[in-house]
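Here is a quick walk through one protein model, written for someone who would rather look at contacts than read a long introduction. Have a look at the fold before reading on.

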Amino acid sequence: MKFTSVLLILSLVLTTYSQYTHHSDEKDSHIVSNDIAVNEGDGSYKYGFETSNGIKRVEHGSPEGHIEGTSAYVSPEGAEIKTTYIADENGYHAVGDHIPKIPEYIIRALEYIRTHPYVEKDYYTGEFKTPRTPTIPTKSSLNHHFRQ
């Protein structure tokens with residue numbers, strides 16, 4: 001019984017290991033192409049590489065700090081995972097089919113909240129007013145109220 005259990009566990013471990021190592025062939029991969037070009041005059045650059053196991057990367061940057069590129073690899077399921085990105089003064093923006101999208105109902109809810117600010121009706125006067133922004137208590141104010 002023990003021998004059968006050990007044999008079963010060992011076969012599961014080896015099967016799992018082979019699923020992740022067989023597909024990627026990481027140890028046998030090599031660089032297929034590698035191109036780098038830098039313009040010393042204005043600081044712009046362009047580079048790219050590709051490996052034999054399907055990893056690809058291309059990127060170029062401008063002197064103003066604007067960077068665009070694409071990276072891709074093959075998933076264990078055999079699908080190409082491709083990401084296109086831009087990095088500039090507005091931040092880093094990545095696009096890819098594998099990146100989760102914000103659901104439409106969330107976008108609609110955020111737009112509704114933005115266009116319909118919360119207001120309170122004063123119980124005594126009947127006035128509508130925007131509630132004041134809550135303040136974060138400081139350590140000294142907490143110490144004043146909660147003495148140790």
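What follows goes from the overall layout to the salt bridges, and then to a few local spots.

## The overall layout

First things first: this is a predicted model. The protein chain has three helices and eight strands. Reading from the N terminus, the order is α-β-β-β-β-β-β-α-β-β-α.

How much of the chain is buried? Buried residues account for 11% of the 148 residues. The accessible surface adds up to about 12,900 Å², and carbon and sulfur atoms hold 60% of that. As for long-range contacts, take those with a separation of 6 or more: 9% of them join residues 24 or more positions apart.

## A bridge between strands

A search of the whole structure turns up four salt bridges. One of them pairs Lys56 with Glu80, with 3.8 Å between the closest N and O atoms. Lys56 sits in strand S3 (residues 56–61) and Glu80 in strand S5 (residues 80–88), so this pair ties together parts that are 24 residues apart in sequence.

Are the two partners buried or exposed? Lys56 is partly exposed, at 35% relative accessibility. Glu80 also falls in the partly exposed class, with a value of 47%.

## Glu59 and its surroundings

Stay with strand S3, where Glu59 is found. Glu59 forms a salt bridge with Arg57, and the closest N and O atoms are 2.9 Å apart. Glu59 has a relative accessibility of 10%, so it counts as buried, the cut-off being under 20%. Arg57, on the other side of the bridge, is partly exposed at 26%.

Which other side chain makes a polar contact with the side chain of Glu59? That would be Tyr85, at 2.5 Å. The Arg57 side chain shows up as a polar contact too, at 2.9 Å. Setting aside neighbours within four places in sequence, Glu59 is in contact with Tyr45, Lys46, Tyr47, Ile67, Glu68, Gly69 and Tyr85.

## A helical turn in H2

Now over to helix H2, residues 104–115. Here Glu111 and Arg114 meet through their side chains in a salt bridge, at 2.6 Å from N to O. The two residues are three apart in H2, which puts about one helical turn between them.

The partners fall into separate exposure classes: Glu111 is partly exposed with a relative accessible area of 37%, while Arg114 reaches 60% and counts as exposed.

## A nonpolar patch on the surface

Which residues make up the nonpolar patch on the surface? They are Ile102, Tyr105, Ile106, Ile107, Leu110, Tyr112 and Ile113, and together they have about 740 Å² of accessible area.

Ile102 belongs to the loop between strand S6 (91–95) and H2. With a relative accessible area of 56%, Ile102 is exposed.

## The loop after strand S7

Next stop is the loop between strand S7 (120–121) and strand S8 (128–129), home to Asp122. A polar atom of the Asp122 side chain lies 2.8 Å from the backbone nitrogen of Thr125. Beyond the residues up to four places away in sequence, Asp122 touches Glu127 and Lys129.

How many aromatic pairs does the structure hold? There are two. In one of them, the ring centres of Tyr123 and Tyr124 are 5.2 Å apart and the ring planes stand at 85°, so the pair is edge-to-face. Tyr123 and Tyr124 are both exposed.

## A glycine in the S1–S2 loop

One last spot to check is Gly43, in the loop between strand S1 (31–38) and strand S2 (45–51). Gly43 is partly exposed, at 42% relative accessible area. What separates the C-alpha atoms of Gly43 and Gly61 in space? The distance is 8.3 Å, for two residues that are 18 apart along the chain.

Note on methods: Residues numbered from 1 in each chain as written. Predicted model: local features only at pLDDT ≥ 70, side-chain atom pairs only at ≥ 80, totals over all residues. Heavy atoms only, no water. Helix = DSSP H or I, 4+ residues; strand = E, 2+ residues; numbered from the N terminus. Buried < 20%, exposed > 50% of the residue type's maximum accessible area, 1.4 Å probe, protein only. Polar contact = N/O pair within 3.5 Å; in protein donor to acceptor, adjacent residues only side chain to side chain. Contact = heavy atoms within 4.5 Å. Areas by Shrake-Rupley, 256 points an atom, 1.4 Å probe, with all protein chains shown as cover. Phe/Tyr/Trp six-rings, centres within 6.5 Å; stacked < 30°, edge-to-face > 60°. Patch = residues over 30% accessible without salt bridge, like charges linked within 9 Å, V, L, I, M, F, W, Y side chains within 5 Å.
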